[in-house]
Amino acid sequence: MKGYISSGILELYLLGELSERERQEVEQMAARYPEIREELDQLEASMFAFDRLSGQKPSPAIKDKIFASLEVETPPASIKTMDTPESKALSRWRNFSAAAAVVALLATVFAFYFANRYYSTQEEYRTLVLERSVLAEELEINQARYEQMEEFLGGDFDRIPLEGEAYEMQKDAQVDIFWDRNDARVFASVRNLQLLEPGQDYQLWAIGEDGPIGIGIINASQTGLLQQMETVSAAGAFAITIEPKGGSQTPTLENLVVLGEVV
Amino acid sequence: MQEKQIISGLKARNKAAVEYLYEKYSRALFGVVVRIIPQRDQAEEVFHDAFVKIVSKIDSYQKGRGALYTWMANICRNAAIDKTRSKEFSKSGQTNSIDDYVYALEGRSDTGDYVDGIGVKELMAELNDDQKLIIDYIYFKGYSHAEIAEEFNIPLGTVKSRVRASFAVLKKKMEKI
């Protein structure tokens with residue numbers, strides 16, 4: 001239950017971003033579990049409160065216009081019965097024009113009906129296409145992750161935790177480095193790093209006997225994902241500094257964010 | 001008036017119910033629109049159509065499909081997003097973001113934006129950069145979470161958890177009001 005609530009699906013439900021299937025699922029879950037109903041109600045209440053706080057009053061003229069528009073939307077008038085004809089000739093014409101009017105009216109009604117159908121079908125189609133591309137995208141991401149995990153599990157990786165506690169930049173920064181000494185592969189997994197200003201990058205350094213070597217740029221927003229770095233066969237420690245976009249030749253030591261020694 | 005009464009009143013086209021609905025929700029709902037469309041005349045046009053749609057489509061609202069406000073806010077949000085994607089939408093001044101919005105709010109004369117001393121600006125200061133970006137793109141630029149994932153090359157799951165974290169901050173703050 002906790003997992004369902006914390007997956008963020010309720011928030012997307014409120015934002016109207018779920019597919020029909022997911023939406024129904026949320027509603028069924030909410031009907032079955034009071035905790036979910038309550039969370040949903042609270043989220044909605046806070047969304048309303050936020051919208052009201054940050055909202056604005058529309059101008060009074062708009063209110064009048066809305067009420068005027070709603071007045072017009074009364075049910076359509078019923079068709080009146082025809083008068084008795086005064087003369088046969090006139091009656092024929094009358095009948096003819098009445099029939100023509102009915103045909104025209106029917107044609108208009110049909111045109112509106114089909115136009116409506118056309119637009120709603122088009123809308124449904126667009127939603128489906130969008131949904132499909134989202135699914136395909138999700139699948140692709142998962143596939144890439146799966147392949148990487150397989151590769152990762154096949155290796156012999158040591159975990160080297162890098163911590164920011166001892167440095168001034170970001171005390172709570174944490175990054176894990178996974179290093180396979182046999183084939184020199186290195187992966188980084190961000191646990192906690194602040195996002196940088198544009199124009200800056202986090203650069204990973206392997207510190208060996210020849211001093212620090214830059215082995216790649218780390219994407220701070222991809223928390224919990226394995227990011228493959230350049231290979232390194234010998235290192236006594238790993239460290240991350242903030243450098244100008246694209247990285248530097250040598251590390252800017254006053255921008256040292258995290259460091260971890262290889263044991 | 002209870003939500004149930006409002007809804008049955010609307011279904012019966014009771015003018016007082018529409019009036020009540022307008023008084024209670026117009027500020028928030030117009031807020032939803034004007035966040036996405038900062039040009040006031042265009043926002044009001046969209047709001048007009050959306051509100052008329054809410055009242056005339058009330059029969060299609062079903063209880064159990066979330067509460068009334070969510071349903072109405074989504075109609076407004078979708079109308080606003082559709083407008084920004086339409087051909088006739090003028091792109092002038094379309095650089096809306098939280099900061100622009102807060103700035104514009106501050107310049108306004110009515111002080112109703114400060115409830116118990118907590119204003120929108122203070123609220124935004126509670127969000128970290130990740131969360132601010134999420135609120136900015138979802139609330140002010142009308143992006144979907146999938147579009148954010150694509151635009152910033154962030155995994156969808158990460159976007160979802162950030163949406164949740166941002167809402168949690170809003171929830172915590174709004175409870176105090």
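Helices of at least four residues and strands of at least two are DSSP runs, numbered from the N terminus. The model used in these exercises is predicted.

**Exercise 1. Layout of chain A**

How many helices and strands does chain A have, and what pattern do they follow along the sequence?

Solution.
- Step 1. Under the definition above, chain A has 6 helices and 8 strands.
- Step 2. Read along the sequence, they give the pattern α-α-α-α-α-α-β-β-β-β-β-β-β-β.
- Step 3. Chain A counts 263 residues, of which 22% are buried.
- Step 4. Take the contacts in chain A between residues at least 6 apart in sequence: 57% of them join residues at least 24 apart.

**Exercise 2. Strand S7 and its partners**

Find which strands pair with S7 of chain A, and in what sense.

Solution.
- Step 1. S7(A) covers residues 237-244. It is mostly covered, with 6 of its 8 residues buried.
- Step 2. Strand S4 of chain A, residues 200-208, runs antiparallel to S7(A) and is joined to it by 8 bridges. In this pairing Tyr202(A) stands opposite Ile242(A).
- Step 3. Strand S8 of chain A, residues 256-261, pairs with S7(A) over 5 bridges, again in the antiparallel sense. Here Ala237(A) of S7(A) faces Glu261(A) in S8(A).
- Step 4. Collecting the results, S7(A) has antiparallel pairings with S4(A) and with S8(A).

**Exercise 3. Strand S3 and a hairpin**

Trace the pairings of S3 of chain A, and state which residue in the hairpin turn has a positive phi.

Solution.
- Step 1. S2 (residues 174-180) and S3 (residues 185-192) of chain A run antiparallel, joined by 7 bridges. Ile177(A) has Ala188(A) in S3(A) as its bridge partner.
- Step 2. The two strands form a hairpin with 4 residues between them. In the turn, Ala184(A) has a positive phi of about 70°.
- Step 3. S3(A) is also joined by 3 bridges to S6 of chain A (residues 226-228), and the two run antiparallel. Phe187(A) stands opposite Gln228(A) in S6(A).

**Exercise 4. Two residues: buried or exposed?**

Classify Val263(A) and Gln131(B) by their C-beta neighbours inside 10 Å.

Solution.
- Step 1. The cut-offs are 20 or more neighbours for buried and 12 or fewer for exposed.
- Step 2. Val263(A) lies in the segment after S8 of chain A. Val263(A) has 7 such neighbours and therefore counts as exposed. Its C-alpha atom is separated by 9.8 Å from that of Arg159(A), 104 residues away along the chain.
- Step 3. Gln131(B) is in helix H7 of chain B. Gln131(B) has 20 such neighbours, so it counts as buried.
- Step 4. Neighbours within four places in sequence aside, Gln131(B) is in contact with Arg162(B), Ala165(B), Ser166(B) and Val169(B). The C-alpha atoms of Gln131(B) and Ser161(B), 30 residues apart along the chain, are separated by 9.9 Å.

**Exercise 5. A helix pair within chain B**

Describe how H3 and H4 of chain B pack: what are the angle and the axis distance?

Solution.
- Step 1. H3(B) and H4(B) pack at an angle of about 140°, and their axes are 9 Å apart.
- Step 2. This angle makes H3(B) oblique to H4(B), since only angles over 145 degrees count as roughly antiparallel.
- Step 3. The crossing is right-handed.
- Step 4. Residues making the contact include Val46(B), Phe47(B) and Ala50(B) of H3(B) and Ile75(B), Cys76(B) and Ala79(B) of H4(B). By class the contact has 9 nonpolar, 1 polar and 3 charged residues.

**Exercise 6. Where chain B touches chain A**

Which helix of chain B gives the most residues to the side that touches chain A, and how does H4(A) cross H2(B)?

Solution.
- Step 1. In all, 49 residues of chain B are in contact with 44 residues of chain A.
- Step 2. H9(B) gives the most to the chain B side, with 10 residues.
- Step 3. That side divides into 26 nonpolar, 13 polar and 10 charged residues.
- Step 4. The axes of H4(A), residues 34-54, and H2(B) come within 7 Å and cross at roughly 80°. The two helices are therefore roughly perpendicular to each other.
- Step 5. Phe48(A), Asp51(A), Arg52(A) and Ser54(A) of H4(A) make this contact with Arg27(B), Ala28(B), Gly31(B) and Val32(B) of H2(B). These residues divide into 3 nonpolar, 2 polar and 3 charged.

Terms used: Residues are numbered from 1 along each chain as its sequence is written. Chains are lettered from A and ligands numbered from 1 in the order in which they are written. This is a predicted model: local features need pLDDT of at least 70, side-chain atom pairs count only at pLDDT 80 or more; totals for chains, interfaces and linings use all residues. Two strands pair if DSSP finds at least two bridges between them. Two residues are in contact if their C-beta atoms, placed from the backbone, lie within 7 Å. Ala, Val, Leu, Ile, Met, Phe, Trp, Tyr, Cys and Pro count as nonpolar, Asp, Glu, Lys and Arg as charged, and the others, Gly among them, as polar. Axes are lines fitted to C-alpha atoms, for helices over the stretch in contact, and angles run from 0 to 180 degrees between N-to-C directions. Angles under 35 degrees count as roughly parallel, over 145 as roughly antiparallel, 65 to 115 as roughly perpendicular and the rest as oblique. A crossing is left-handed if the near helix is turned anticlockwise from the far one by less than a right angle, and right-handed if clockwise.
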